[in-house]
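Q: Please take a close look at one part of this model, the packing of its helices, and then set that part in its surroundings. A connected account for a reader new to the structure would be welcome.

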Amino acid sequence: MRNRGMSEEISAAELLESNGILGIEYAHVYTDQQFSKQHRLGIAELHRLPDGVVSSRVVLVDDYSTGVSIDRFDMTAFLLNLQRNDAVPDVVVLESEIAHYCGSVIDSISDSKLKRRIVSYYRTRGRYPCSALVATWYLLRLGAFGNPIIPCIYGRSDKLYSDALLTILPDCFVTSEVDALNIIAQTDYSSMTRRIEHIYFEHQEDVHSDWDDFDAEEYVARNYGRSLLAEDRQIIEFVISALQEMTIEPVSTKIVADIGVGPNLYPALLASPLIPHDGTIELIDIAERNLAYLRAVIEGENNDHSAVWEGFEEYIRSLGYPADLGTVRRSASVRKGNIYELEPNRYDMVMSFFVGESITDRVSEFDRATTTLMASVKPNGLFVIAHMIGSRGYFAGSDTFFPAVGLTMDQIRQKYEEYGECRYRMIPRGGNVSARKGYKGMAVVVGQKKC
Ligand SMILES: C[S@@+](CC[C@H](N)C(=O)[O-])C[C@H]1O[C@@H](n2cnc3c(N)ncnc32)[C@H](O)[C@@H]1O
């Protein structure tokens with residue numbers, strides 16, 4: 001995979017190995033959308049490609065996952081916008097036209113677990129997952145099914161077929177693209193993955209997504225599910241050492257909360273040894289999909305994702321700290337709530353990771369969220385808070401864009417100083433390029449509230 005800023009390095013020779021045709025896909029659009037900022041950003045990447053490549057320009061219109069018919073999409077206006085931006089395609093195809101090739105791709109998957117997962121997705125939702133569609137779309141264009149005539153809404157289907165593929169997409173699509181390549185790697189066409197390249201650019205929109213569009217599974221897969229990232233290891237190690245330096249009686253942490261918990265259970269694991277048998281940890285978030293995710297993991301209904309948190313539990317325990325997923329499951333109360341509306345003086349201990357700065361793009365709202373969050377901590381209560389430094393926004397699922405305030409470490413110190421004695425750690429940005437753009441690192445604050 002390549003990332004923004006690297007398009008200069010892409011050589012057609014590298015991609016094509018011979019004098020073949022490069023199929024360039026850009027300006028991906030859903031039938032419930034219009035031409036927007038992200039299309040302009042993608043077209044800018046298209047124009048940065050080196051000259052002299054024999055290429056075919058391809059646009060895919062997704063009417064399949066939206067269920068919105070092409071009749072309700074203003075294709076003329078979309079094409080006019082492409083033309084105005086000097087990006088007229090050779091061919092435009094509807095995603096629903098390629099869906100029926102998915103079955104044969106799934107049949108050829110050798111990994112039985114992966115195959116079962118895709119089939120079960122299809123059975124429960126009545127449609128294929130994006131990753132399977134993307135895999136099919138790439139295999140089709142590389143000639144895996146011969147070169148069938150596909151009905152096109154613009155141009156001719158022979159323009160679909162090429163020797164190598166380059167896809168220009170906003171970074172928020174990275175997870176389904178990675179999953180698609182993994183699918184192809186498990187089929188008879190595995191060698192074709194070498195003929196597929198990507199340019200990802202930073203997804204930006206003028207409007208932020210709704211919290212209910214927060215895709216818990218995608219967010220976990222990218223941030224917590226593939227491996228335990230260096231940043232999270234350092235956060236965990238710092239929190240453990242800071243907590244161990246404080247003298248905490250078990251009884252003093254009977255009511256604990258993780259505010260804006262999202263689908264992240266490692267703060268709760270860090271709190272777990274401090275929660276007494278009759279204690280509670282309230283896992284509070286505003287987004288329903290996060291709450292549903294947590295309930296499924298806590299009730300043992302999501303084996304793949306339970307394994308992610310068992311991995312965190314194992315890592316934390318390997319540091320000699322007795323984290324216990326069983327305690328989290330037993331004491332968790334998962335509920336919808338709002339950081340701005342917390343009950344004052346309710347909690348003995350509050351965790352809140354990447355929330356105050358990641359729910360707004362206004363400093364005044366970050367200040368308000370911190371005030372209500374800290375008011376919910378009892379005098380002498382503990383707080384463990386993490387913030388992104390310098391974030392410009394982020395995504396959680398395809399085509400989502402959530403806000404952020406670009407904080408500095410000094411701002412964070414000044415903010416928490418007034419609440420009590422704190423320990424701070426700045427964790428520098430690691431190598432996880434797909435986490436989010438712009439951020440410079442993560443700040444962790446562990447403190448005890450003044451009386
Ligand atoms: C960047 S995510 C952080 C998730 C998680 N804490 C983590 O460590 O990965 C921000 C979270 O804040 C939640 N959120 C947004 N607005 C909120 C609000 N007003 N009150 C509580 N949670 C909110 C979102 O649903 C999302 O789960």
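**Helix packing and its surroundings**

A: Helix α6 (residues 130-141) packs against helix α7 (residues 174-185) at an angle of about 60 degrees, and their axes lie 8 Å apart. The model in which this is seen is a predicted one. An angle counts as roughly parallel under 35 degrees and as roughly perpendicular from 65 to 115; α6 and α7 are therefore oblique to each other. The crossing in which α6 passes α7 is right-handed. On the side of α6, the contact is made by C130, S131, A132, V134, A135, Y138 and L139, while α7 contributes S176, E177, D179, A180, I183 and I184. Sorted by class, the contact of α6 with α7 holds 9 nonpolar, 2 polar and 2 charged residues. A general feature of helices helps in reading such lists: an α-helix has 3.6 residues a turn, so residues three or four places apart point the same way.

A second helix pair is formed by α8 (residues 216-225) and α12 (residues 303-318), whose axes come within 11 Å and cross at roughly 30 degrees. That angle makes α8 roughly parallel to α12. Here α8 passes α12 in a left-handed crossing. The residues E217, V220, Y224 and G225 in α8 meet H305, V308, W309 and F312 in α12. By class, this contact of α8 with α12 has 5 nonpolar, 2 polar and 1 charged residues.

Both α8 and α12 also take part in covering helix α11: what covers the buried residues of α11 includes α8, β10, α12, α13 (325-331) and β11. The buried residues in question are N290, L291, Y293, L294, A296, V297 and I298. After α11 comes G300, which has a positive phi near 70 degrees.

The strands named in that cover belong to a sheet. This open sheet consists of 7 strands with mixed pairing, in the order β11-β10-β9-β12-β13-β15-β14. At its edges stand β11 (332-336) and β14 (420-428), each of which pairs on one side only. On average, neighbouring strands of the sheet are turned by 15 degrees against each other, direction ignored. Within the sheet, β12 (residues 347-353) and β13 (residues 377-389) pair in the parallel sense over 6 bridges. In this pairing V350 stands opposite F383 in β13.

Two helices can be placed against the sheet. Helix α9 (residues 230-245) lies across β12, β13, β14 and β15 (441-449), and runs at about 160 degrees to β14. Helix α11 (residues 288-298) packs on the sheet as well, touching β10 (280-285) and β11, and its direction makes about 160 degrees with that of β11.

Two loop residues complete the account. As a general rule, most residues other than glycine have a negative phi. A27, which is not a glycine, has a positive phi of about 55 degrees. A27 is found in the loop between β2 (22-25) and β3 (29-30). With a relative accessibility of 6%, A27 counts as buried, because the term applies under 20%. D86 also has a positive phi, near 55 degrees, and is a residue other than glycine. D86 sits in the loop between α3 (75-84) and β5 (91-94). At 55% relative accessibility, D86 counts as exposed.

Definitions and conventions
Residues numbered from 1 in each chain as written. Predicted model: local features only at pLDDT ≥ 70, side-chain atom pairs only at ≥ 80, totals over all residues. Heavy atoms only, no water. Pairing = 2+ DSSP bridges. Helix = DSSP H or I, 4+ residues; strand = E, 2+ residues; numbered from the N terminus. Axes fitted to C-alpha atoms, helices over the stretch in contact; angles between N-to-C directions. Contact = heavy atoms within 4.5 Å. Parallel < 35°, antiparallel > 145°, perpendicular 65-115°, else oblique. Left-handed = near helix turned anticlockwise from the far one by under 90°. Nonpolar A, V, L, I, M, F, W, Y, C, P; charged D, E, K, R; others polar. Buried < 20%, exposed > 50% of the residue type's maximum accessible area, 1.4 Å probe, protein only.
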